[in-house]
Amino acid sequence: MAALASSSSSLLFSSPPSKLPSPSLYPLPRLALSTSSFLSSSSSSLSISPSFFGYPTTSRRYSASSFTVRASAAEKKKVLIVNTNSGGHAIIGFYFAKELLGSGHEVTILTVGEEGSDKMKKPPFNRFSEIVSAGGKTVWGDPADVGKVVAGATFDVVLDNNGKDLDTVRPVADWTKSSGVKQFLYISSAGIYKPTDEPPHVEGDVVKANAGHVGVEKYIAEIFSSWAIFRPQYMIGSGNNKDSEEWFFDRIVRKRPVPIPGSGMQLTNIAHVRDLSSMLTLAVEKPEAACCNIFNCVSDRAVTLDGMARLCAEAAGLPVEIVHYDPKAVGIDAKKAFPFRNMVMIFVQLSILFFKQKLISMQ
């Protein structure tokens, strides 16, 4: 029987309470990544405790017993990934495609723009040959014309990993609906939560009404009968289009000081893209369990900015010199000079899929 986990992860699930609040808001476990998961795609250690998701004004937590989850081999699906051509989310489509192909599914990845553009010379796009060699198909074009770009191909699942507002996502969602696709998945953002005095955020916490992703989420929930939404924060992993851990490693291996704005005690949250790809693949393989739910996609264990530098140094086997500075005093825009936001970031829990006991077997 196939495990409901990536080959690099060990997942423990918590059973839900017998009575669940409406509308479709369920308690789920959360995930913590160990140091090895920050710095390597080959291994990660995950620990889980319950969380809650949906659109309520308050969040809740439940106590629950733990058990290990296993599932039988899934039906093979035809999946279309609409992938952004820039930013930290670009790597998600790449890893998701590889994960799906490795599980025997058929994959087409539609990337925004033109194949011959300069953007495609950068990672992860310059590694798309890995998708093709594994049996996947890569196409380029305007998602607003998705039907023309895929030339009449049919799919069981569509993932939009591109749009940040409804104007961008609506053409893809409407085409998906009219084409009879069974399931729609959407990559949203963990940045849509309103600030709170009681971190960490869970999926049931209040979101910013004017955030573009929120409008998309609501539209998806209205028009599809089978959908799931994923809210990642900082993704790390080989082939990333955006500096995250690489910024630290670059300075450490060159024996340069690591300049960190402020005290260095600000909290941030990171997760390996392979773990998110495993979640997405589980959603494809168990749509009934994933249906109509929102999932935060980050570790439940925060790391300080100083801690991030030390973790990278430990992984590299080198010493690190950390230098703190006041961006305003030295006239530096920390948003451009540093890979993470110079603030205490929302510490968001991760909900793992497939807690419904009717869809799992326990061993």
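**Close-up 1. Phe 340 and its partner Phe 338 in the predicted model.** At 2% relative accessibility, Phe 340 counts as buried, because the cut-off for that class is under 20%. Phe 338 is buried too, with a relative accessible area of 3%. Phe 338 and Phe 340 form an aromatic pair. Their ring centres lie 6.2 Å apart. The planes meet at 75°, which makes the pair edge-to-face. The model shown here and in the other views is predicted.

**Close-up 2. Phe 155 and Trp 175, an edge-to-face pair.** The structure holds 13 aromatic pairs. One of them joins Phe 155 and Trp 175, at 6.5 Å centre to centre. The angle between the planes is 65°, and the pair is edge-to-face. This contact links distant parts of the chain, with the two positions 20 residues apart in numbering. Phe 155 sits in the loop between α4 (146–149) and β11. Trp 175 belongs to helix α5 (residues 166–178). Phe 155 has a relative accessible area of 10%, so the residue is buried. Trp 175 reaches 17% and therefore also counts as buried, since the limit is under 20%.

**Close-up 3. A cluster of aromatic rings.** Five residues are shown: Phe 94, Tyr 95, Phe 125, Phe 128 and Trp 140. Ring pairs link them into a cluster. Phe 94 and Tyr 95 fall within the residue range of helix α2 (residues 90–102).

**Close-up 4. Arg 170 over the ring of Tyr 219.** Arg 170 lies over the face of Tyr 219. The distance from the ring centre is 4.8 Å. Arg 170 falls within the range of helix α5 (residues 166–178).

**Close-up 5. Strand β8 and its two parallel neighbours.** Strand β8 spans residues 78–83 and is mostly covered. Five of its six residues are buried. β8 pairs with strand β9 (residues 106–112) through six bridges. These two strands run parallel. In this pairing, Lys 78 stands opposite Glu 106 of β9. β8 also pairs with strand β11 (residues 157–161), here through five bridges. Again the strands run parallel. Ile 81 of β8 stands opposite Leu 159 in β11.

**Close-up 6. The β-α-β unit built on β8.** Three elements make up this unit: β8, helix α2 (residues 90–102) and β9. The unit is right-handed. Its two strands, β8 and β9, are joined by six bridges.

Notes. Residues are numbered from 1 along each chain as its sequence is written. This is a predicted model: local features need pLDDT of at least 70, side-chain atom pairs count only at pLDDT 80 or more; totals for chains, interfaces and linings use all residues. Side-chain values use heavy atoms; hydrogens and water are left out. Buried means under 20% relative accessible area, exposed over 50%, partly exposed in between (1.4 Å probe, protein chains only). Helices (H or I, at least four residues) and strands (E, at least two) are DSSP runs, numbered from the N terminus. Two strands pair if DSSP finds at least two bridges between them. A crossover is right-handed if, with the strands pointing away from the viewer, the path from the first strand over the helix to the second runs clockwise. Rings of Phe, Tyr and Trp (its six-membered ring) pair if their centres lie within 6.5 Å; planes under 30 degrees apart count as stacked, over 60 as edge-to-face and the rest as tilted. A charge sits over a ring if NZ of Lys or CZ of Arg is within 6 Å of the ring centre and within 35 degrees of the ring normal.
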